[in-house]
Amino acid sequence: MTDLDQLTQSLARNLKRWRNERGFTLDALAARAGVSRGMIIQIEQARTNPSVGTTVKLADALGVSITTLLDYEQGPRVTFVPPDQAVRMWSTEAGSYTALLVGTEADGPLEMWQWRLMPGDESSSDPHPSGTVELIHVTVGELTLVIGGETHTAPVGTSVAFEANTPHTYRNDGTAPVEMTMAVSVPPAR
């Protein structure tokens, strides 16, 4: 079984489990996530690999971290994630990527990410649920961050905190790579 097959099976199993734990029908989850009922059925039957955006929408709608939604099994309370096991969720041919480093289900999902954006690359995100907070620390280069249509520049060493309930984009307008560490806190599903 390939890594992609394992990921597909894990996502299918966990999506169905969390949907049932939350008491959501297919239609209710579809409405909360803004994802079609048919797509959710295909994911739960392991017949498709959804986009990163769809996976994020489903995790947000369920009030769980992406780590929890993709986790192969529920592990011990202490989790070590070796560098080669960080989950790459997005990448470009130029070498940009995001890597989900670790996550937990404290009082709601909490995730830590590593990002690299190559010159000219960007990644846009739909609004997350109200109360979602993102913390960013730029470790290399200069990040251009667009939040709700307003552009901000974050040079190396800068830390940023913002509510992520509005569209936002991470962009590299420079000529050198940008690297950052990000933590995302999502409120529990109600």
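**Entry 1. Helices α2 and α4**

I began with a pair of helices and recorded that α2 and α4 are roughly perpendicular to each other. I read the crossing angle as roughly 110°, with the two axes coming within 8 Å; this counts as roughly perpendicular because the class runs from 65 to 115 degrees. I should state at once that the model is predicted. The span of α2 is residues 26–33, and that of α4 is residues 52–62. I noted the sense in which α2 passes α4 as right-handed. I then listed the residues that make the contact: L29, R32 and A33 from α2, with K57, L58, A61 and L62 from α4. By class, I found five of these to be nonpolar and two charged, with no polar residue.

**Entry 2. Helices α2 and α3**

I turned next to the other partner of interest for α2. I found the axes of α2 and α3 to come within 9 Å and to cross at roughly 110°. The two helices are therefore roughly perpendicular to each other. I recorded this crossing, too, as right-handed. On the α2 side I listed L26, D27, L29 and A30, and on the α3 side R37, I40, I41 and E44. I counted five nonpolar and three charged residues in the contact of α2 with α3, and no polar ones.

**Entry 3. Surroundings of α4**

I asked how many residues of α4 are buried. I obtained eight of 11, so α4 is largely enclosed by the rest of the structure. I wrote down the buried set as T54, T55, V56, L58, A59, D60, A61 and L62. I then looked up what these residues pack against and found the helices α1 (3–22), α2, α3 (37–44) and α5 (66–70), together with strand β1 (87–91). After the end of α4 I found G63, which has a positive phi near 70°.

**Entry 4. The nonpolar core**

I looked up the largest nonpolar core and found 41 residues in it. I noted L58, I136, L143 and Y170 as the members with the most contacts inside this core. I recorded α4 as the helix that gives the most to the core, with five residues. I followed L58 further: beyond its neighbours within four places in sequence, L58 is in contact with L15, L29, A33, V35, I40, I43 and L69. Of these, I had already met L29 and A33 on the α2 side of the α2 and α4 contact.

**Entry 5. Two buried strand residues**

I examined S123, which lies in strand β4 (residues 122–125). I asked whether S123 is buried or exposed. S123 has a relative accessible area of 12% and is buried, because the cut-off is under 20%. Leaving out residues up to four places away in sequence, I found S123 touching W90, W115, H168, T169 and Y170. Y170 is also one of the core residues with the most contacts.

I then examined T98 in strand β2 (residues 97–105). T98 counts as buried, at 4% relative accessibility. With the sequence neighbours up to four places away again set aside, I listed its contacts as V87, R88, M89, W90, W113, Q114 and W115.

**Entry 6. The whole chain**

I closed with totals. I counted five helices and 10 strands in the protein. I found 39% of the 190 residues to be buried. Among contacts with a separation of 6 or more, I recorded 64% as joining residues 24 or more positions apart.

Notes. Residues are numbered from 1 along each chain as its sequence is written. This is a predicted model: local features need pLDDT of at least 70, side-chain atom pairs count only at pLDDT 80 or more; totals for chains, interfaces and linings use all residues. Side-chain values use heavy atoms; hydrogens and water are left out. A nonpolar core is a set of buried Ala, Val, Leu, Ile, Met, Phe, Trp, Tyr and Cys residues joined through side-chain atoms within 4.5 Å. Buried means under 20% relative accessible area, exposed over 50%, partly exposed in between (1.4 Å probe, protein chains only). Helices (H or I, at least four residues) and strands (E, at least two) are DSSP runs, numbered from the N terminus. Contact means heavy atoms within 4.5 Å. Axes are lines fitted to C-alpha atoms, for helices over the stretch in contact, and angles run from 0 to 180 degrees between N-to-C directions. Angles under 35 degrees count as roughly parallel, over 145 as roughly antiparallel, 65 to 115 as roughly perpendicular and the rest as oblique. A crossing is left-handed if the near helix is turned anticlockwise from the far one by less than a right angle, and right-handed if clockwise. Ala, Val, Leu, Ile, Met, Phe, Trp, Tyr, Cys and Pro count as nonpolar, Asp, Glu, Lys and Arg as charged, and the others, Gly among them, as polar.
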